[in-house]
Amino acid sequence: MKRSTLLWIVAFIITLLSAYYQRVTGPTYPIDEKVFVNGEEVKLHLERSHSTNSDYIISVPVKQNNINGEVHWKRYKSNDAITITKMLRNENSLEARLPKQPPAGKIEYQVYLYGSNTNVVSSKVPTLIRFKGDVPAWILIPHIILIFSAMLYSTRTGLDAIFTKNIPTKLTYYTVVIVFVGGLIFGPLTQLYAFGKLWTGFPFGYDLTDNKTAIAFAGWLIALLAVLMKKRERLFIIFAAILMFIVFLIPHSMFGSELDYTKTDTVKTQNLNP
């Protein structure tokens, strides 16, 4: 096997593993729990991200008719009192509805299950669910592909600088372009459709997704300048690749956009049972 092919395979594996880690450790990844009520194993699937176009329906599969439930919830960063919504039975499940919120609006909620001799709460702390607008496929799909490709090319370029004698000039160009287009063009467009703002990173906010994209691009822009000036190119390329790897490991949507209801005139949406 040629060294070039081997390096591409290694880069792909590193990219795949880091993307998986970033996804499952992020604050929007669903929470799955198992609890026992009346001796029955009940599986809870708690979403932490939902579309602004519909209410979020919490559905808990429960076979026994003598198991009941409630959902305790309130809008996050609000002065609301906790609302208690009774879960209604729908065939072999208990369901309750959380009202849809504006983009970046969040609700914190907990599921309480009651049996004949057992009371169970879903988690020690409330689950946070954030609502976001639907992003068109023509924006979302290229964004995902390009961000994945950016990490792939960044890793491959760094490996080339470490394990070969050549300076990966072309790969550096490709990496800079892909990071720019995927992160700084399609990224803000995704943000705009999802939360109504093009950019919520520095200096306008603390969104780590935006900030880490800017940091990664800055690292590769410096590496490109080093290549053009032919000064310590290898060192700066390796630095940019390591920086990109560290940035890519930061969980997606950390410190992301969120609506502060205490600073808005948003009226609490009336709670509706399914």
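**A tour from S4 to helix α6**

With a relative accessible area of 37%, S4 is partly exposed, because partly exposed covers values from 20% to 50%. Select S4 to begin, and keep in mind that this model is predicted. You will find S4 within helix α1.

Now add R156 to your selection and draw a line between the two C-alpha atoms. The distance from S4 to R156 is 9.2 Å, although these positions lie 152 residues apart along the chain.

Next, step back to M1, in the segment that comes before α1, the helix of residues 3-24. Is M1 buried or exposed? M1 has a relative accessibility of 75%, so M1 counts as exposed. Show the surface here and colour M1 together with L6, I9, V10, F12, I13, L16 and L17: these residues make a nonpolar surface patch of about 770 Å².

For the last stop, select residues 233-249, which form helix α6. This helix has 17 residues, and its first and last C-alpha atoms are 25 Å apart, close to the 24 Å expected at 1.5 Å a residue. Show side chains for E233, I237, A240, A241, L243, M244, V247 and F248, which are buried. Where do they sit around the helix axis? They cover an arc of only 165 degrees, which means that they lie on the same side of α6.

To see what covers these buried residues, turn on other helices: the cover includes α1, α2 (137-163), α3 (169-184) and α5 (208-229). That brings you back to α1, the helix that holds S4.

Terms used
Residues are numbered from 1 along each chain as its sequence is written. This is a predicted model: local features need pLDDT of at least 70, side-chain atom pairs count only at pLDDT 80 or more; totals for chains, interfaces and linings use all residues. Side-chain values use heavy atoms; hydrogens and water are left out. Patches are made of residues with over 30% relative accessible area and no salt bridge: like charges are joined within 9 Å, nonpolar side chains (Val, Leu, Ile, Met, Phe, Trp, Tyr) within 5 Å. Accessible areas come from the Shrake-Rupley method with a 1.4 Å probe; for residues, only the protein chains shown count as cover. A salt bridge is a side-chain nitrogen of Lys or Arg within 4 Å of a carboxyl oxygen of Asp or Glu. Helices (H or I, at least four residues) and strands (E, at least two) are DSSP runs, numbered from the N terminus. Buried means under 20% relative accessible area, exposed over 50%, partly exposed in between (1.4 Å probe, protein chains only). The expected span of a helix is 1.5 Å times one less than its number of residues. The arc is that of the directions from the helix axis to the C-beta atoms. Contact means heavy atoms within 4.5 Å.
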